[in-house]
Amino acid sequence: MSGVLVVAEARRGELREVSFELLGAAATLSGPVRVLLVGDAPADALNVPGVEEVLTVASPREHFEPHLQAEAVKQAIARLQPAVVLAPHSLDGLSYAAAVAAELDLGFASDVIAIEDGPAVTRGAYAHRLVARLEFPGKATTVLTVRPGAYEAVAPGGGSARVTPADFAPDESLAAVEHLGYVEPEIAGEDITAANLVLALGRGVPDADTFAELEGVAEAINATVAASRPLVDAGFVSATRQVGQSGRTVKPKVYLALGISGAVQHLAGVRAGTVIAVNTDPAAPIFQAADYGAVADLREVARELPQHFR
Amino acid sequence: MKVLVTVKQVATLDDRLDVERAEWDLNSWDAHAAEAALELGDEVVAVTVGGEQAREALLTVLAMGADRAVHITHDGPLDPLATARLLAPVVQREAPDLVLCGAHSADALNGATGVALAALAGLPRMAAVKAIEVADGAATVVREVEGGLVERLRVKLPALFTVQANINEPRYATLRGIRKAASKPLEVIAAEDIRPGAHVVATTVPPKGEGAEMLTGSAGEVAARIATIIKSKVAG
């Protein structure tokens, strides 16, 4: 058992960024790196320096199917005998990685943020108030799901690996989930992913009136309004403005987070140059992720902002 | 339809970050799973794994309206695979039409136990769904994937789904429900030895100092600093 198996992720024929982050993580570990890609996507992009082999597996289904994905990963593990399997801690990853580890009695940890040889991993504990270090004694192979954004993505292509169709494939009879269709997000109004300055509002916004007032502040400071999930669920704002794992990923120069606690699922969608956080709770995790923070009432601070932008 | 819901009593730390002095509550995602189970099922069985305090999670779900509960007693830490191995025999014995789990537990945030349980119990599964409709022996579910994209899927029952918090608004237990809960069947099973999928070798307070530079002063002073930072970082 040696080396790393990276399970790439694709959706609708395109590789997702997290695949290249997993390659970045794999490069920090010992042993050969091999990549598994299930389904139809540009496999050559996964051939980055340091990768020994890219195995492509034809899927009998056009879209992600968790049982076929799990079976392909199990077959790849049997063939390649890796010490570590890296899969994304993504919404697809949630549906198959733990199943593979459970069925094969492997080591397993999810949402890991750092990996060392051994392996030994770091992940959050107690709602990320603490961090835990995990080891996997007696496990020849360990499956790890890696938090998106925890590792830098490597540039696609440029490697000297073999890119080969695998001589195994999951049998279609294992498929148990039938894809009925995608519903596209409605991109109405401003596109939050294109904004330079995002005013992100969270659970700390108590009511719709306050939300409307803060929209006025956003307009005055030329910011685009985004929100964390609780405000979308409360109906204050449309899902197209939701930042986070199941929302959108924003890449503004400045992300001004008001009343956002900083749950991992939210921070997964924040790739900002500078994060400024205002929250009444001094222990809010957002202050660990932010560059600047203030423990203050978000309304009192927000009301004082527009005068500086006239 | 018989629905089995897995629940967990989760620990919340206050600013002392002392695990011994944690507050324990029903995992909020599991409350959503229980609500979905009560809406969909005409027989609802709640199952938990844990020490004495985990019984409270079952009593909460019984008070919400579940018919009976199973407490697999186990003291000490559990990883998701170990928990799934303890739950699987109960799921197989109960043979429900549908198994629902919270997508995550609020303390460990593994997002893994339900899917591992499905694999061990031989059930089809899909993680993190936000809507479930059942008709003609199959479930039509909706899940959100990255980027706001929504996928609709169909899965024949029996199956297991883990549910997101936006699937519903959990009901509160009524006083009558709480009184009735105490007399509902609550089976206790002692956990067998289990094989963990990981060992926690250390749990530590994350290093400080990498956090934010704190802006202090009045709201007006904080706003002025924020405005200066914004202007310096956002050209034009």
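**Exercise 1. At roughly what angle do the axes of helix α3 (residues 80-94) of chain B and α4(B) cross, and within what distance do they come?** Work out the class of the crossing, its hand and the make-up of the contact.

*Solution.* Keep in mind that this is a predicted model.

- Step 1: the axes of α3(B) and α4(B) cross at roughly 50° and come within 8 Å.
- Step 2: angles under 35 degrees count as roughly parallel and 65 to 115 as roughly perpendicular, so α3(B) ends up oblique to α4(B).
- Step 3: the hand of this crossing is right-handed.
- Step 4: on the α3(B) side the contact includes B:Leu81, B:Ala84, B:Leu87, B:Ala88 and B:Val91. On the α4(B) side you'll find B:Thr113, B:Ala116, B:Leu117, B:Leu120 and B:Ala121.
- Step 5: sort the residues of this contact and you get 10 nonpolar, three polar and one charged.

**Exercise 2. Find the helix of chain A that packs on α4(B), and characterise that contact.**

*Solution.*

- Step 1: the partner is helix α3 (residues 97-104) of chain A, which packs against helix α4 (residues 113-121) of chain B with the axes 8 Å apart and an angle of about 45°.
- Step 2: with that angle, α3(A) is oblique to α4(B).
- Step 3: α3(A) passes α4(B) in a right-handed crossing.
- Step 4: α3(A) brings A:Ala98, A:Ala99, A:Ala101, A:Ala102 and A:Glu103 to the contact, while α4(B) answers with B:Val115, B:Ala116, B:Ala118, B:Ala119 and B:Leu120.
- Step 5: the tally is nine nonpolar, no polar and one charged.

**Exercise 3. Trace the antiparallel sheet that includes β12(B), and say which strands sit at its edges.**

*Solution.*

- Step 1: the order is β8(A)-β9(A)-β10(A)-β12(B), an open sheet of four strands with antiparallel pairing.
- Step 2: inside chain A, strand β9 (residues 120-125) is joined to β10(A) by six bridges. A:Ala120 has A:Glu135 of β10(A) as its bridge partner.
- Step 3: now cross to the other chain. Strand β10 (residues 130-135) of chain A pairs with strand β12 (residues 199-204) of chain B over five bridges, in the antiparallel sense. Here A:Glu135 turns up again, with B:His199 of β12(B) as its bridge partner.
- Step 4: β8 (114-116) of chain A and β12 of chain B each have a single partner strand, so one side of each lacks a neighbour in the sheet.
- Step 5: from one strand to the next, the twist averages 25°.

**Exercise 4. Do the same for the parallel sheet of six strands, then place the helices that lie across it.**

*Solution.*

- Step 1: read the order as β15(A)-β14(A)-β16(A)-β17(A)-β18(A)-β13(B); this sheet is open too.
- Step 2: β15 (224-227) of chain A and β13 (213-214) of chain B are the edge strands, each pairing on one side only.
- Step 3: four bridges hold strand β14 (residues 197-201) of chain A in parallel pairing with β15(A). A:Leu201 has A:Ala227 as its partner in β15(A).
- Step 4: helix α4 (residues 208-220) of chain A lies across β14, β15 and β16 (254-258) of chain A, at about 170° to β14(A).
- Step 5: chain B supplies helix α6 (residues 219-233), which lies across β14, β16, β17 (274-279) and β18 (292-295) of chain A. Its angle to β17(A) is about 165°.

**Exercise 5. Which two strands of chain B does β7(B) pair with, and in which senses?**

*Solution.*

- Step 1: strand β7 (residues 125-135) of chain B runs parallel to strand β10 (residues 159-163) of chain B, with three bridges between them. Across that pairing, B:Arg125 stands opposite B:Leu160.
- Step 2: β7(B) is antiparallel to strand β8 (residues 138-144) of chain B, with six bridges. There, B:Ala135 stands opposite B:Ala138.
- Step 3: β7(B) and β8(B) make a hairpin with two residues between them, and B:Asp136 in the turn has a positive phi of about 55°.

**Exercise 6. Zoom out: describe chain A overall and its contact with chain B.**

*Solution.*

- Step 1: chain A has eight helices and 18 strands.
- Step 2: its radius of gyration is 21 Å, close to the 19 Å from the globule rule for 310 residues, so chain A is as compact as a globular protein of that length.
- Step 3: along the principal axes, its C-alpha atoms fill a box of roughly 65 × 40 × 35 Å.
- Step 4: 74 residues of chain A are in contact with 67 residues of chain B. Strand β13 (residues 177-183) of chain A gives the most to chain A's side, with seven residues.
- Step 5: that side divides into 40 nonpolar, 19 polar and 15 charged residues.

Definitions and conventions: Residues are numbered from 1 along each chain as its sequence is written. Chains are lettered from A and ligands numbered from 1 in the order in which they are written. This is a predicted model: local features need pLDDT of at least 70, side-chain atom pairs count only at pLDDT 80 or more; totals for chains, interfaces and linings use all residues. Two strands pair if DSSP finds at least two bridges between them. Two residues are in contact if their C-beta atoms, placed from the backbone, lie within 7 Å. Axes are lines fitted to C-alpha atoms, for helices over the stretch in contact, and angles run from 0 to 180 degrees between N-to-C directions. Angles under 35 degrees count as roughly parallel, over 145 as roughly antiparallel, 65 to 115 as roughly perpendicular and the rest as oblique. A crossing is left-handed if the near helix is turned anticlockwise from the far one by less than a right angle, and right-handed if clockwise. Ala, Val, Leu, Ile, Met, Phe, Trp, Tyr, Cys and Pro count as nonpolar, Asp, Glu, Lys and Arg as charged, and the others, Gly among them, as polar. The radius of gyration is taken over C-alpha atoms; the globule rule is 2.2 Å times the number of residues to the power 0.38.
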